[in-house]
There are 2 protein chains.
Amino acid sequence: MSDLYATILAGGSGTRLWPRSRKSSPKQFLDFTGTGTMLQEAFSRVSPIIPPERVWILTGERYVETVREQLPVLPAENVVGEPVGRGTAPAIGLAAMLLQRKNPNAIMAVLTADHIITYKERFREVLLEAAWVAGKGHLVTLGIKPSRPDTGYGYIERGEKLYDQRFPVYRVVRFTEKPNLEMAEQFVASGNYSWNSGMFIWRVDAILAEIERQMSELFDGLKQIVEAWGTDEQGKVLHSVWPTLPNETIDFGVMEHAKDVVVIPVEIGWSDVGSWNALWEVLPHDESGNVVQGNVILHDVGNSLVYSDKQLVAAVGIRDMVIVDSGDAVLVVPRSRSQEVKTIVNELKRRGLEDYLL
Amino acid sequence: MSDLYATILAGGSGTRLWPRSRKSSPKQFLDFTGTGTMLQEAFSRVSPIIPPERVWILTGERYVETVREQLPVLPAENVVGEPVGRGTAPAIGLAAMLLQRKNPNAIMAVLTADHIITYKERFREVLLEAAWVAGKGHLVTLGIKPSRPDTGYGYIERGEKLYDQRFPVYRVVRFTEKPNLEMAEQFVASGNYSWNSGMFIWRVDAILAEIERQMSELFDGLKQIVEAWGTDEQGKVLHSVWPTLPNETIDFGVMEHAKDVVVIPVEIGWSDVGSWNALWEVLPHDESGNVVQGNVILHDVGNSLVYSDKQLVAAVGIRDMVIVDSGDAVLVVPRSRSQEVKTIVNELKRRGLEDYLL
């Protein structure tokens, strides 16, 4: 499948995994497993089927050097830095145009650097089937089986079955971004909905046609940028045009009203690692149910996540706890309340202690 | 009461308050309250009734400089460094002889630098009454009302009431060091026992007579040392004789079989701070029941002790917990299990990580 390209989105800068996730080093650049950073893992899991020349990374301008250091195997031009974050629609549109210039038949898998996927071989099989479906002109989304009525995700309603391959492919009836709890509960109960994973596979001409149709202003702006790409004007045009592009997600700006969208429901051990507890859930545990990394001594500790970047963390007699030491800050919170790290982040801002977020 | 001297024992080097308590800086030299180190507090609480010239500190040789830095008001000669720890009997005996040389009528209050006393004014009133009793030749011990059948303390059985002053004074029937649990329960139930606080008040001639009678070898060794004290030979004799002295506590070596021992039961808010939980119990709490010191942000945290010497400690949604960050190590343990810090200390020794204890 020599037309298949991966574009990995690596621009996030969240604080849900504070104190380790920082503005200077958000989660996609961190190693939570001892096997590599999330970005390196995202690259490695497609590397058996897509060579480095066909892997592109989209990230913030400030992270371009970090990406090149973590993936030196990539051609330098394959790392694209956005001057400012404008949502996923401009980033994906730019990548689609750049790929189209290289290969008009390019099929583009939009992937993410800040998610964990446990079943990597199955994921690759899904990707290859999705690329085959995308080759027919459909816009393919990967849907995740919802494990709870989470109101933080987008939901995809399935319609008629279009193909019955190894992984069945369905027409998409409707996208619903972040429903209220009642709706989310109905969606999960019906068994007819998937979470939107944020992973898409499509032909570049197909997605660009939708962008041109639904977001013509974005399309025109991207055209300007791509015309200057590779010339002496590249930086100048990018920096002048990019900040004027609409700030929009691909989901809301394009997918919700796109014409030919299909979904492949997959079970690939996916997690967007939205909290320390989510990370604990998805990583392998030791015999006590702990996820441990770094300079740590535990005695009678169970079902806990304990990380230390530098100083010694010693814990005795605790259960279901998160303890994360980043070298300048340590967080202690029960797993069940690890979402509440945001209250600490807000308090740090309120007190003007933003150094602990940088 | 110009014959009253305080000798404060400040030689301990325990690890029960690890990671803050270290060999280089044991708990008596630490500030847990923001108002001063435990040694400074021990000095301050007698300073209204005893001037610095009559306060002596007995400590390990390696801590002499620390003591002088923390109490610069003391005459340098009043800080006595023991070449090695040989128990309290040699230390107290040496102090008694040195005081006797200065003032044959000296009354000596043996106090401790690593205990907390909450009701300081009452403590001073006790001391003055105890000095009056000691002036009659009795060996006075201060007894603590037992709050639980703790097997880690010595117990003092009361006999007949000898004086009925502001604080009644009883003859001592018996000392029992560290009884088993059954005995301890009987002692507490009887209401007739006090814990041995390790604080004593006596005339120097009275205690030296008992030392000479019961520990003649110690008495002779101390004589040698004191004869050389203040001469060019002081250091040489101290270092050659001290290590040969019997390694013994004053309780076992002298008090258990002394002839004229009395006890004053006192309620002075005493704690030997044997664990982080003991410290939490005795220090003032904020409105959430927390004891907090240093660089700490809490959200919905209650009945916990949270200390940080340097880096930020952030905690959310926890109860009854101890979190102590010393700069190179952080401890997390429920208050109810804070005694188990010893398992961590042992594990550090086992792994050869003794730097975390130094």
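## Two chains, their contact and their strands

Tutor: Chain A averages a pLDDT of 95, and 100% of the residues score at least 70; pLDDT is the predictor's confidence in each residue, from 0 to 100. This is a predicted model, in which local features need pLDDT of at least 70 and side-chain atom pairs count only at pLDDT 80 or more, while totals for chains, interfaces and linings use all residues. Residues are numbered from 1 along each chain as its sequence is written, and chains are lettered from A and ligands numbered from 1 in the order in which they are written.

Student: What ipTM and pTM does the predictor give the complex?

Tutor: The ipTM is 0.86 and the pTM is 0.88.

Student: What makes a residue of chain A part of the contact with chain B?

Tutor: Two residues are in contact if their C-beta atoms, placed from the backbone, lie within 7 Å. The contact takes 25 residues from chain A and 25 residues from chain B. On chain A, β12 (291–299), β13 (305–316), β14 (321–325), β15 (329–334) and α11 (341–350) each supply at least two residues. The names follow DSSP runs, numbered from the N terminus: helices are H or I with at least four residues, strands are E with at least two.

Student: Which kinds of residue make up that side of chain A?

Tutor: The side of chain A that touches chain B has 16 nonpolar, four polar and five charged residues. Here Ala, Val, Leu, Ile, Met, Phe, Trp, Tyr, Cys and Pro count as nonpolar, Asp, Glu, Lys and Arg as charged, and the others, Gly among them, as polar.

Student: How do you know that β15(A) pairs with β13 of chain B?

Tutor: Two strands pair if DSSP finds at least two bridges between them. Four bridges join β15(A) to β13(B), and the strands run parallel, so the definition is met. Val330(A) stands opposite Val313(B) in β13(B).

Student: Why is the relation of chain A to chain B called a two-fold axis?

Tutor: A rotation of 180° with 0.0 Å of shift along its axis superposes chain A on chain B, with an RMSD of 0.1 Å. That is the relation of a two-fold axis. The fit is by least squares on the C-alpha atoms of residues with pLDDT of at least 70 in both copies.

Student: How do you know that the copies meet through the same surface?

Tutor: 100% of the interface residues of chain A are also interface residues in chain B, so the copies meet through the same surface.

Student: Why is β1 of chain A called mostly covered?

Tutor: A residue is buried if 20 or more other C-beta atoms lie within 10 Å of its own, exposed if 12 or fewer, and partly exposed in between, with C-beta atoms placed from the backbone. In β1(A) (residues 4–9), six of its six residues are buried. Both faces are covered: Leu4(A), Ala6(A) and Ile8(A) lie on one side, and Tyr5(A), Thr7(A) and Leu9(A) on the other.

Student: Which strands pair with β1(A)?

Tutor: Six bridges join β1(A) to β4(A) (residues 107–112) in parallel, with Ala6(A) partnered by Ala109(A). Four bridges, also parallel, link β1(A) to β2(A) (residues 55–60), where Ile57(A) is the partner of Ile8(A).

Student: Which strand forms a hairpin with β7(B)?

Tutor: β8(B) does, with three residues between the two strands. β7(B) (residues 155–164) and β8(B) (residues 168–176) pair in the antiparallel sense over seven bridges, and Lys161(B) stands opposite Tyr170(B).
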